[in-house]
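Q: Please take a close look at one part of this molecule with me. Keep the sentences short and explain each term as you go.

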Amino acid sequence: MLSTRRTRFFCFVCVYVVLFIPSVGSFMVECFHQVPVELVQTSFIDVFNPIQAFIKVVLPNSIPGMVVVVLFCIIFGWTDFFVAFILTFTEVQLLPVAIV
């Protein structure tokens with residue numbers, strides 16, 4: 001019985017990951033394109049390699065976009081309870097399914 005719960009949970013997580021990958025990818029690409037190229041070029045002048053420039057320049061400037069993407073995923077995951085209802089039926093119910 002425990003393995004079926006783990007299997008259902010794993011399937012549930014896989015479904016949501018597959019649902020979120022396209023939207024998260026497109027949002028994050030746009031967030032990274034909003035960082036000015038001059039900042040990245042300046043970091044190369046400051047002797048950063050491309051990985052250091054990404055970590056120390058691009059990621060801190062993309063934090064607002066990352067916050068928006070996380071909030072989008074939380075809201076979308078919370079309201080999309082039909083997948084949870086189909087995968088869990090009546091044995092284990094998530095909070096949105098239990099409320100309805």
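A: What follows is a close look at the largest nonpolar core, and then at some other spots along the chain.

First, the ground rules. The model is predicted, so local features need pLDDT of at least 70 and side-chain atom pairs count only at pLDDT 80 or more, while totals for chains, interfaces and linings use all residues. Residues are numbered from 1 along each chain as its sequence is written, and side-chain values use heavy atoms, with hydrogens and water left out.

Now the frame. The protein has six helices and zero strands. Helices and strands are DSSP runs, numbered from the N terminus; a helix is H or I with at least four residues, a strand is E with at least two. Of the 100 residues, 21% count as buried. Buried means under 20% relative accessible area, exposed means over 50%, and partly exposed lies in between, with a 1.4 Å probe and protein chains only.

On to the core. Which residues make up the largest nonpolar core? Seven do: Phe12, Tyr16, Phe20, Met28, Cys31, Val69 and Cys73. A nonpolar core is a set of buried Ala, Val, Leu, Ile, Met, Phe, Trp, Tyr and Cys residues joined through side-chain atoms within 4.5 Å. Helix 1 (2-33) and helix 4 are the elements that give two or more residues to this core. Helix 1 gives the most, with five residues.

Rings come next. Tyr16, Phe20, Phe27, Phe72 and Phe76 are linked by ring pairs into a cluster. Rings of Phe, Tyr and Trp (its six-membered ring) pair if their centres lie within 6.5 Å; planes under 30 degrees apart are stacked, over 60 edge-to-face, and the rest tilted. A pair of aromatic rings is described by the distance of the centres and the angle of the planes. By this rule the count is five aromatic pairs. One of them joins phenylalanine 20 and phenylalanine 76 edge-to-face, with 5.4 Å between centres and 70° between planes. This pair links distant parts of the chain: phenylalanine 20 sits in helix 1, phenylalanine 76 in helix 4, 56 residues apart. Are the two rings' residues buried or partly exposed? Phenylalanine 20 is buried, because its relative accessible area is 14%. Phenylalanine 76 is partly exposed, because its relative accessibility is 30%.

Helix 4 also has a residue in a surface patch. Valine 70 belongs to helix 4 (residues 63-79). At 47% relative accessibility, valine 70 is partly exposed. Together with Ile63, Val67, Leu71, Ile74 and Ile75, Val70 makes a nonpolar surface patch of about 560 Å². Patch residues have over 30% relative accessible area and no salt bridge; like charges are joined within 9 Å, nonpolar side chains (Val, Leu, Ile, Met, Phe, Trp, Tyr) within 5 Å. A salt bridge is a side-chain nitrogen of Lys or Arg within 4 Å of a carboxyl oxygen of Asp or Glu. Accessible areas come from the Shrake-Rupley method with a 1.4 Å probe; for residues, only the protein chains shown count as cover. For the protein as a whole, about 7,500 Å² is exposed, and carbon and sulfur atoms supply 77% of it.

Go back to Cys31, a core residue. Serine 62 touches Cys31, Phe32 and Val35, not counting residues up to four places away in sequence. Contact here means heavy atoms within 4.5 Å. Serine 62 is in the loop between helix 3 and helix 4. At 1% relative accessibility, serine 62 is buried. Leucine 59, in helix 3, touches Phe32, Phe54 and Met66, again leaving out residues up to four places away. The C-alpha atoms of leucine 59 and cysteine 31 are 9.6 Å apart, although 28 residues separate the two along the chain. Leucine 59 is partly exposed, at 26%.

One last stop is the loop between helix 2 (37-45) and helix 3 (50-61), where phenylalanine 48 lies. Leaving aside neighbours within four places in sequence, phenylalanine 48 is in contact with Ser43, Ala53, Lys56 and Val57. Serine 43 is in helix 2 and is buried at 3%. Valine 47 shares the loop between helix 2 and helix 3, but is exposed at 71%. Valine 47 has a positive phi of about 65° although it is not a glycine. Most residues other than glycine have a negative phi.
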